[in-house]
Amino acid sequence: MSTITTQPTYQTDMTTDSRPVLEEGDDGAASFPTLGQIKRKLTTKDGWLGDYDFGYLCLPQLPFSFGKGKKKTKATPFYALEQEMPILLALVCGLQHAPPIIFANQLGFDGGMQNQMVAVSLIASGILSCLQMSRFAIPFTGRKYWVGTGLITVVGTSFSTLSTASAIFNTLYADGTCPSTTVDGVTTRGSCPDAYGYLIGTSCLVSILEMGLAFVKPATLKKIFPPIVTGPVILLIGASLIGDSGFLNWGGGSNGCQLRPDEGIFELCPTIYAPHALKWGSPQFIGLGFLSYVTIIIIEFIGSPAMKSGSIIIGLIVGCIVAGPLGYISGSTISSAPAITFLWVDTFKLRVHGPAIIPMMAVYLALAMEATGDITASSEASRQPVVGPLYDSRVQGGILADGINGCISGLMMNPPVSIFAQNNGVISITRCANRTAGYFCAGFLLLFGILAKISGVFLAIPNSVLGGVTTFLFTTVCVSGLKVISYNSFTRRDRMILAAGLSLGIGNLLVEDWSSYLFGATGNTALAGFENSLIIILSTPFLLCGIVTSLLNAILPAEATDVVIDELGEEQEISEAEAGLSTHAKVSTEGSHGDSKDA
């Protein structure tokens, strides 16, 4: 089954704005089925099953071929954006798009509040994913400006927020806003709902920045945030998450037990009251985490496409299957969770924290850059245009929806959400870009959040199992950053910018407290707030790196040109990068000519 993608028709109103006006029907807006179509879908075999090859999707594969030949399989159809698809396939593909969304809690909340936070994260992801997928024009703009991408763009709590939130919480505990006690050099943080209220309240305000960026042309955004800036930022986001969460949890926990105190509640991990508690870094913890980690790798050898796209979930399941009989899992989080829940069961005072405004602005800039790349990848995987007016409109609508979602997410008592890049791989593997699957995915997320017992299951997962999986997941973020960095030509100018930014970013990552002693105590409240803002920036590796690379990219002179003599004896000016490429091409050409002569 083949799908032909045609370029949309559009008009341009030069009297008001150069942005093209997309014609109705070619604008990528979501369309909804009629009652007759719904009835036929629910009452026929073709409506439920269709002709999809579920064996291709679900059956495991051997890593090597046996016998005289490979078994011939039927070509798997590609389900385009608006194409009708079987209900069962939409359910399966929708479930593949629904990873557990868990925000790392560092504020000493009790089990009940943690359960509610996970539930709210899932509910918000389900509702706000529908907003991204249900693309519609903004009224009174002449169909020039849109909200949403119209693609399968599932959203979830943003990883980019975690390291910045950690730095914000550290300053709030340091200045006494949040309670903490120190006994024998070991600091124990008390519960601090106000800190969470500061985070999501500031996020709601600063989300206006990303909404404004949606009205900037994509070409301009690419000039402001080229790969030389975005690549190191993404790399350090992943690296920070590995150091702050992934590897610490792999060893047993990140709540203070990693300091291995001789007494107190955190003498053992995760606490002394946990079942089968051990010292941080015990071989039992390392082994459990390694089991989950290696399961993900094994799935790449023998797993079906569906298993590969859900390898993270399978890694968690295998780790829990082993950890449960050994006594590492407590059922208290499941038994204490209510049967159902919804938004606003627990609320927080939404307030703006002045020192957090500038760091959160940097977070939303990163979210806009991330959204642009994810929308491009989703368009390509969905066989939609990646150039032209429809693509530009999808980017504009996606960034605007991302900003709106950030504000609504805060009002739902949830941190900022962003488009999940994992969906692009799922689209490619399942060959399903149909929005119906996306809506089923949103329904799964909403259902998982309302059924609070499911949130209790997520919280019952041992830290070491979670750490082994999230370390792998966070490293994929680093790899994405390396891929973006590879888009550069690596001229002397590029190397200088990368070295300057990464030296501060990596140094900050390895020596976390290097900026903690820059400012002393001061009686000036305004000055103290400004100093806290600087400390948050200086203690967040990707923010510091992003600022340095952006400034140097803007002010560092362009590469000097070299004068070379071409084959006709004429002078040509080329940059250092072009000279390197030309030399490489010449060597390759000469090598191929030599091979031809030898032959």
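**A walk through the chain**

Let's start with how the chain folds back on itself: among contacts with a separation of 6 or more, 79% are between residues 24 or more positions apart. Keep in mind that this is a predicted model. Its secondary structure runs to 23 helices and 10 strands. The chain has 599 residues, and 46% of them count as buried. As for the outside, the accessible surface is about 28500 Å², with 64% of that belonging to carbon and sulfur atoms.

Now pick out helix α17, residues 435-450. Does its length fit its residue count? What span should its 16 residues have at 1.5 Å a residue? They should span 22 Å, and the end C-alpha atoms sit 23 Å apart, which agrees. Next, look at which of its residues are tucked away: R435, A437, G438, C441, A442, F444, L445, F448 and G449 are the buried ones. Viewed down the axis of α17, these buried residues fall within an arc of 165 degrees, so they line one face of the helix. The general background is simple: an α-helix has 3.6 residues a turn, so residues three or four places apart point the same way.

For something on the surface, turn to a nonpolar patch of about 410 Å², made by I313, I317, I321, V322 and L326. One of its members, I313, belongs to helix α12, which covers residues 311-323. Is I313 buried, exposed or partly exposed? Its relative accessible area is 31%, so I313 counts as partly exposed, since that category lies between the 20% and 50% cut-offs.

The loops hold some backbone geometry that a computational chemist may want to check. The background here is that most residues other than glycine have a negative phi, and most peptide bonds are trans. Go to the loop between α9 (227-250) and α10 (283-302), where you'll find P270. The peptide bond leading into P270 from C269 is cis, with omega near -5 degrees. That loop between α9 and α10 also holds R260. Though not a glycine, R260 has a positive phi of about 55 degrees. With 43% relative accessibility, R260 is partly exposed.

Another case turns up further along. W344 sits in the loop between α13 (332-335) and α14 (357-381). What is the phi of W344? It is near 65 degrees, again a positive value in a residue other than glycine. The relative accessible area of W344 is 46%, so W344 counts as partly exposed.

How values were computed: Residues numbered from 1 in each chain as written. Predicted model: local features only at pLDDT ≥ 70, side-chain atom pairs only at ≥ 80, totals over all residues. Heavy atoms only, no water. Helix = DSSP H or I, 4+ residues; strand = E, 2+ residues; numbered from the N terminus. Buried < 20%, exposed > 50% of the residue type's maximum accessible area, 1.4 Å probe, protein only. Contact = heavy atoms within 4.5 Å. Areas by Shrake-Rupley, 256 points an atom, 1.4 Å probe, with all protein chains shown as cover. Patch = residues over 30% accessible without salt bridge, like charges linked within 9 Å, V, L, I, M, F, W, Y side chains within 5 Å. Salt bridge = Lys/Arg side-chain N within 4 Å of Asp/Glu carboxyl O. Expected span 1.5 Å × (residues − 1). Arc of directions from axis to C-beta.
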